[in-house]
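Me: I have a structure open and want to go through the ligands and a sheet. Can you take my questions as they come?

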There are 2 protein chains.
Amino acid sequence: MFSEGGMSRRSFIERLGGVGGTALVLAGMSALGFGIEAQAYEPPALSGGTKGKKIIVLGSGVAGLTSAYELAAAGYDVTVLEARNRVGGRSYTARKGTQLTELGGEAQTCTFDAGHYINPGPWRIPYHHSGYLHYAKKFGVGVELFNNENDHSYINFERGSGPLKGKPVRKQEIAADIRGYATEMLAKQVKQGALDAEFSPGDKELFLDYLRGEGYLTPKDLKYEGVDGRGFIENPGAGLKPGPGVESKPHALTDILHSNTWRTVRSVAGWEQQRTMFQPIGGMDQLPAGFMRNMKPKVLLEHVVDKISQTPDSVTVAYTTAKGQKGAMTADYIVCTIPLSVLRGIDMQVSPTFKEAIGGVSYALVGKIGIQMKTRFWEDNHQMYGGHIYVDDPMIATISMPSTGWLGQKGVVLGYYGQGANAARVSAMTHKDRLELALAAGQKVFPEYRENAESAFSIAWHRVPFNMGGWAQWNEEGRAKYYPTLTEPDGRIYLAGEHLSYLTGWQEGGIESAWQQIEKIHKRVHAA
Amino acid sequence: MFSEGGMSRRSFIERLGGVGGTALVLAGMSALGFGIEAQAYEPPALSGGTKGKKIIVLGSGVAGLTSAYELAAAGYDVTVLEARNRVGGRSYTARKGTQLTELGGEAQTCTFDAGHYINPGPWRIPYHHSGYLHYAKKFGVGVELFNNENDHSYINFERGSGPLKGKPVRKQEIAADIRGYATEMLAKQVKQGALDAEFSPGDKELFLDYLRGEGYLTPKDLKYEGVDGRGFIENPGAGLKPGPGVESKPHALTDILHSNTWRTVRSVAGWEQQRTMFQPIGGMDQLPAGFMRNMKPKVLLEHVVDKISQTPDSVTVAYTTAKGQKGAMTADYIVCTIPLSVLRGIDMQVSPTFKEAIGGVSYALVGKIGIQMKTRFWEDNHQMYGGHIYVDDPMIATISMPSTGWLGQKGVVLGYYGQGANAARVSAMTHKDRLELALAAGQKVFPEYRENAESAFSIAWHRVPFNMGGWAQWNEEGRAKYYPTLTEPDGRIYLAGEHLSYLTGWQEGGIESAWQQIEKIHKRVHAA
Ligand SMILES: Cc1cc2nc3c(=O)[nH]c(=O)nc-3n(C[C@H](O)[C@H](O)[C@H](O)COP(=O)(O)OP(=O)(O)OC[C@H]3O[C@@H](n4cnc5c(N)ncnc54)[C@H](O)[C@@H]3O)c2cc1C
Ligand SMILES: Cc1cc2nc3c(=O)[nH]c(=O)nc-3n(C[C@H](O)[C@H](O)[C@H](O)COP(=O)(O)OP(=O)(O)OC[C@H]3O[C@@H](n4cnc5c(N)ncnc54)[C@H](O)[C@@H]3O)c2cc1C
């Protein structure tokens, strides 16, 4: 039961009742009873006053902004301390003039044309991130679709063997063919009676019908001979030529198997990914900007928190400003959204158990590079509109085409999105070498790649000050041993952020975690 | 070979050579040689002057507008005659104030709120419609993604049996489960050696790996036990509750089979459909509007063509204006884009063979209804962002949620999209009864449906003046016997339109057919 933050199943049904009458309640019930919940978590209602309490929020990523916004809306006296010269934390967009110096790295200034950008951190939102969408709706932050699975995009795998090795093939060819062959094989077995034990009466014929449809098998012989959806040699068109076009022929099963391209084919997208997702129009920094347009609390930028101490009655935060000035601030509670990767280096008056727990999680090594291209050759010449190109060099992993600026002149491509040890290797390179790595990989898929590249912006999150990592990566032991500790306050200190959720690596985790923690504070204020 | 209009394979390679150097040519070659062409058809180059020729274009749908635009750009003296009081033909958008009276039907005026609309005809564009996208790019008509396959949308099938009958289930549940079971069954057979004959050496293990991945099978036992991508009973979130959430359990295979829901699961989308498509921002009438902003030719609205006659030297078109005035106009050639369903009723001086061919095709019976909803309950309560709901009442077929206006207040839902005899039955109803039909169907899926409906606009294309049908539906006999005749001119009369393509039912067919026909005229002018 979701009882502490967000919305319990109970309150979801109550809300339906309140808004839409009985029919709606029944629908909610049936959705619940039936398996998949039609579920939207919402901010906690912090009603009943604040007893004049003062709260400091540390960090202004989505977790900090959510905490500050909701607490201030409830009437609390809220101040936000943020180390950087901007709000948003990882929810961030690099555009003309954006500066970044990684720890121990060269200074970098983004030189994209006006209107072009890359989201170096978060870039896509699934439909079930109801907290994110709630604030986007509330603040009028426009969203647009993000094409997260483009069947017409290329796979370019080099580590297999056979004729498909190192050749860009369209994802749709592979999906159609391997599923075609698989359904054909299965249909043969089913027909022969090999699986009769699996079927209830009447099921067998229905199952054969399913296979026929799924794999586009020939109606009678149940053979796979290709399908229009895998693409044409020459597209159908007008008149007599091209007229019906020229159909393409399936790849051989053995060629597909040895190419490894089948690794991209899954029955459904994973929970965290959908084929079609969302992105804020204009860049990921637009939601933080939406918060700021609607925020009452004071947000103090370039205030780096050095130390957190507490007494039974209050909590004190010491900071250093950009100009090197030291200061301190005292409040009743703090909500600390500083990533654990950074927090573990901050002097903090908490129990040893709590302190140990803060150190009990590792952070993702992850890097991205945005490359501005002077034409949208992937659209003009390859009819690829958004989506990811899959390559099997793990330093590159995917090359992604923008899902914005359709049919325009230029565009910013995501040149790599490597993780783990491979990201570490890339991050040890100069920006120039990172670009070279990306260009060499892209050139293997698009002959137009290198000659179109105009400028680039690269980031290695594990080397970024005030983040020191992409996102929290809890292992099973950490979840059991440390995570529960951190979800409860230590004295007057409450932690929030993506790291305190099962949605790590997602903004939604930061938002929902903030909701839970501020609700706890509010209950405590009222219990006192 | 695409030799008459659009672009031949040869000229495609030449173009690559011209733009991007040798590398690009090689890429084009490799794409061609490899199976799936990276193909973009383009307008013909009508160079070398016009010898002062005059051309009349009949109709201002995309075929007429394309013809007129390109011919005028080449220097021809072009006039367009259009029966309606607007351009665009089927490329049309209903919004506040749009009026429609079907043949023998009641007058209807659209009363949607400002900014809301339905595209009663064309509404989505696949990536390979390069002609459409060419003009959108050229005229700066913005496009946005159209979510054509939303895994989180509902299937609500009532004609099967068992516990899933008449229950809205998410598409992703069905796809995950049936593919899970199918891969499990196949893996079992493969493991037992039943299919060894199908595999080349080394293939079997790779194929098992594929099945494991595709179906999310347990690594060792190769069992399907569900997958996160099918949805949760309670979504994962922050803290300890919901924390990891509550996983959902697969439906029983027999229940899926008897529900018929598996009919929605196909290995890949068909050629004409992709999971993610495009739509013009603001409505389908935006491309015609883009043409008009850039058109030189005179477009005469409310000029209904009654008669077409010709001599060896000229062609004459007689028309009646809205005010009942008769007139006539003579030119060197005409491009006639009037749908064959209408043209067969027009007095036309052509050969008997040509005349017979015009009557040799039937037109789709098809209807739609747009319903303005006062809240976006499908987004707010059901987390369904765009996509289609599949129902098995063929009078409804699909209910589609808008892929625009995300997170806004209101939205226009497509309440049905029936075809054939079922569309005929619906079209015999009053607008009020059509709406009632749609509301009753929608209410079965969304308890909020009826109470949210504010206003509606319905259309039955076979009853629409100047169209008399949705699109040409050639059968095999017609394609062989009549279609070739119509692709060639009769004297000075050239036909163009979606009906003269293998892309019937798509604007692209109209555009590419126009390209072919105007190129023929231009060659004739120069041959003379
Ligand atoms: C490469 C990458 C891709 C991602 N993709 C997605 C995605 O597609 N979708 C998605 O939703 N999420 C994605 N995420 C995850 C998402 O970015 C995070 O989950 C979310 O932004 C975390 O928000 P937060 O508020 O918890 O932390 P942060 O945004 O990191 O905020 C912490 C704040 O604390 C500040 N701070 C740090 N130290 C101090 C200090 N000493 N004093 C004062 N302030 C301090 C920081 O400057 C920062 O503003 C991605 C992340 C990365 C790195
Ligand atoms: C319900 C529906 C859904 C569709 N979905 C899609 C889709 O998703 N995507 C897509 O690309 N396409 C779709 N189409 C198909 C698309 O609408 C057509 O293929 C295309 O618009 C045809 O263009 P056209 O120029 O050939 O004909 P039209 O647009 O019909 O143009 C013919 C013109 O001739 C005029 N005319 C008729 N009679 C006379 C006369 N006597 N005198 C003068 N003028 C006359 C008409 O008023 C009209 O303007 C759909 C069509 C329908 C009906």
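Reply: The notes below take the ligand sites and then some of the strands.

Me: What should I know about the model and the numbering before we start?

Reply: This is a predicted model, in which local features need pLDDT of at least 70 and side-chain atom pairs count only at pLDDT 80 or more, while totals for chains, interfaces and linings use all residues. Residues are numbered from 1 along each chain as its sequence is written, chains are lettered from A and ligands numbered from 1 in the order in which they are written, and side-chain values use heavy atoms, with hydrogens and water left out.

Me: ok, ligand 1. Which residues come nearest?

Reply: Glu82(A), Arg84(A), Arg90(A), Arg124(A) and Gln507(A) come nearest, out of 39 residues around ligand 1. A residue is counted as near if one of its heavy atoms lies within 4 Å.

Me: Which backbone atoms lie 2.8 Å or 2.9 Å from a nitrogen atom of ligand 1?

Reply: A backbone N or O atom of Arg124(A) lies 2.8 Å from a nitrogen atom of the ligand, and a polar backbone atom of Val305(A) is 2.9 Å from a nitrogen atom of ligand 1. For an oxygen atom of ligand 1, there is a backbone N or O atom of Val62(A) at 3.3 Å. A polar contact here is a pair of N or O atoms within 3.5 Å; within protein, one must be able to donate a hydrogen and the other to accept it, and residues adjacent in sequence count only if both atoms are side-chain atoms.

Me: How much of ligand 1 does the protein bury?

Reply: The protein buries 99% of the 1,000 Å² that ligand 1 exposes when taken alone. Accessible areas come from the Shrake-Rupley method with a 1.4 Å probe, and for residues only the protein chains shown count as cover.

Me: Why does it lie between two domains?

Reply: Domain 2 (52-88 + 286-359 + 472-527) and domain 3 (94-121 + 365-463) of chain A both give residues to the shell around ligand 1, so ligand 1 lies between them. The bounds come from an automatic or database domain assignment.

Me: Which element gives the most to that shell?

Reply: β14(A), with three residues. Both α2 (62-73) and β14 (303-310) of chain A supply at least two. Helices (H or I, at least four residues) and strands (E, at least two) are DSSP runs, numbered from the N terminus.

Me: Now ligand 2. What polar partners does it have in chain B?

Reply: An oxygen atom of ligand 2 lies 2.9 Å from a polar side-chain atom of Arg84(B), and a backbone N or O atom of Gln507(B) is 2.8 Å from an oxygen atom of ligand 2. The protein covers 99% of the 1,000 Å² of accessible area that ligand 2 has on its own.

Me: Switching to strands. What is the order in the five-stranded sheet?

Reply: The order is β13-β2-β1-β17-β26 (chain A), an open sheet with parallel pairing. β13 (298-300) and β26 (493-495) of chain A are the edge strands, each pairing on one side only. Two strands pair if DSSP finds at least two bridges between them.

Me: How many bridges are there between β1 and β2?

Reply: Five, joining residues 54-58 and 77-81 of chain A in the parallel sense. Leu58(A) has Leu81(A) as its bridge partner in β2(A).

Me: And the hairpin, what sits in its turn?

Reply: Gly324(A), with a positive phi of about 85°; four residues lie between β15(A) and β16(A). Those strands run antiparallel and are joined by six bridges.
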